[in-house]
Amino acid sequence: MPLLAAVYGNPPPDVIETPRGARQLSPLIPGSDDIASLDDASLDEIALLVPGGAIEARYLLAQALRALKPGGLLTAAAPKDRGGLRLKKTLQGFGCDVAETSRRHHRICELERPQAALNLAGALDDGAPRILPLGLWSQPGVFSWDRLDPGSELLLRNLPPLAGHGADFGCGIGWLSRAVLTSPDVQTLKLIELDRRALDCARHNIVDPRASFEWADVRNAAKALSGLDFVVMNPPFHDGGQEDRMLGQAFIRAAAGVLRTGGRLWLTANRHLPYEAALAEAFKTVVPVADSGGYKIYEARR
């Protein structure tokens, strides 16, 4: 059956309507389709909750227009303070006539895909996966896509050689996992990541038979794990663009649940995040290892 309607993300129903029978395209929802894999002119209708990053947003809009049939309907929404104010200009720059409205602190753009060719090539190239100067695959839109983030860098400076069976919770494109796997005593490493784009890059960046990959929410995937010797992580603390400190605390509890007695968690986090209580509740011992540049490192033992 042809794919005729699609949605990207979870647009608030009081902002825009999701087409009936729409297939999900968000890389942050496990099991969804990849918008880049859709055939040209294969959709009749698409609704988008557009992310805030400028390069990522232009790429998404260009991919949506590429996959939309001439005359097909596109509805795109974004919060005014997270990219909504540039939606109309971006779509006009591609060559579209756009109707714009506002609702619930969002800007909403609607259009019919014109018959004429559109100026999409630049946006498609700018937002596509690529190899960074450091030799790693990445893509705009994933966490810290064009550089090693300072928190992970601090953890890498303090991480000892690990051994046994472990996991990287929220592995991103694989910065921490690559370092972990330099130890010959590591037997297996499970990389779990919610963002399919980051996990796809990690598959390119880590070619090691000890590594396995899972596209999942750590909070769900951890339920199937047990008896691990170690977990490393730089947990997220944003959900849908808003700070959510409960995310990192949930990652800590998930790590405690998968580690054997004596197993170790290595955690990096922004200094202001309140993780100490969650660590103390879930682990037998918690040792602060480093505190520098606004980041902190802990080793916790079950």
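**Figure 1. Asp-229 is a buried residue, with a relative accessible area of 18%, and this view shows the salt bridge it forms with Arg-260.** What you're looking at is a predicted model. Asp-229 counts as buried because its 18% falls under the 20% cut-off. Its partner, Arg-260, is partly exposed, at 36% relative accessible area. How far apart are the closest N and O atoms of this pair? The gap is 2.5 Å. Asp-229 sits in strand S12 (residues 228-233) and Arg-260 in strand S15 (residues 259-270), so the bridge ties together parts of the chain that are 31 residues apart in sequence.

**Figure 2. Here Asp-44 and Lys-69 join their side chains in a salt bridge.** The N to O distance is 3.1 Å. Follow the chain and you'll find Asp-44 in strand S3 and Lys-69 in strand S4 (residues 68-79), 25 residues apart. Are these two buried or partly exposed? Asp-44 is partly exposed, with 33% relative accessibility, and Lys-69 is partly exposed too, with 27%.

**Figure 3. Asp-33 and Arg-23 make another salt bridge, with 3.2 Å from N to O.** Asp-33 belongs to the loop between strand S2 (23-24) and strand S3 (43-49), while Arg-23 is in strand S2 itself, and ten residues separate the pair. Asp-33 comes out as partly exposed at 22% relative accessibility. Arg-23 is also partly exposed, at 41%. If you go hunting for such bridges through the whole model, the count comes to 19 salt bridges.

**Figure 4. Asp-34, Arg-196 and Asp-200 hook up in a network of salt bridges, and the second largest pocket has Asp-34 and Arg-196 among the residues nearest its centre.** The other residues that lie nearest the centre are Tyr-59, Gln-139 and Arg-197. The pocket has a volume of about 240 Å³, and 18 residues line it. Which elements give two or more residues to this lining? They are helix H1 (54-67) and helix H6 (196-205). H6 gives the most, with five residues. Sort the lining by type and you get eleven nonpolar, two polar and five charged residues.

**Figure 5. This view goes into the largest nonpolar core, which has 33 residues.** Which residues have the most contacts inside it? Look for Ile-46, Leu-48, Leu-65, Leu-74 and Leu-91. Quite a list of elements supplies at least two residues each: strand S1 (5-8), S3, H1, S4, helix H2 (87-94), strand S6 (106-112) and helix H3 (121-126). H1 provides the largest share of this core, eight residues. You've already met H1 as one of the elements lining the second largest pocket.

**Figure 6. Zoom in on Leu-48, one of the residues with the most contacts inside the largest nonpolar core.** Leaving aside residues up to four places away in sequence, Leu-48 touches Tyr-8, Ile-16, Leu-60, Leu-61, Ala-64, Leu-74, Thr-75, Ala-76 and Ala-77. Among these neighbours, Leu-74 is itself on the list of residues with the most contacts in the core.

**Figure 7. Apart from the largest nonpolar core lies another one, of 30 residues.** To get your bearings in this second view of a core, try picking out Ile-192, Ala-221, Phe-251 and Ala-269, which are among its members.

Notes
Residues are numbered from 1 along each chain as its sequence is written. This is a predicted model: local features need pLDDT of at least 70, side-chain atom pairs count only at pLDDT 80 or more; totals for chains, interfaces and linings use all residues. Side-chain values use heavy atoms; hydrogens and water are left out. A salt bridge is a side-chain nitrogen of Lys or Arg within 4 Å of a carboxyl oxygen of Asp or Glu. Helices (H or I, at least four residues) and strands (E, at least two) are DSSP runs, numbered from the N terminus. Buried means under 20% relative accessible area, exposed over 50%, partly exposed in between (1.4 Å probe, protein chains only). On a 1 Å grid over the protein atoms alone, a cavity is a set of points where a 1.4 Å probe fits but cannot get out, and a pocket is an open set with protein on both sides within 12 Å along at least five of seven lines; lining residues have an atom within 4 Å of a point. Grid points are joined across faces, edges and corners, and a volume is the space filled by probe spheres set on the points. Ala, Val, Leu, Ile, Met, Phe, Trp, Tyr, Cys and Pro count as nonpolar, Asp, Glu, Lys and Arg as charged, and the others, Gly among them, as polar. A nonpolar core is a set of buried Ala, Val, Leu, Ile, Met, Phe, Trp, Tyr and Cys residues joined through side-chain atoms within 4.5 Å. Contact means heavy atoms within 4.5 Å.
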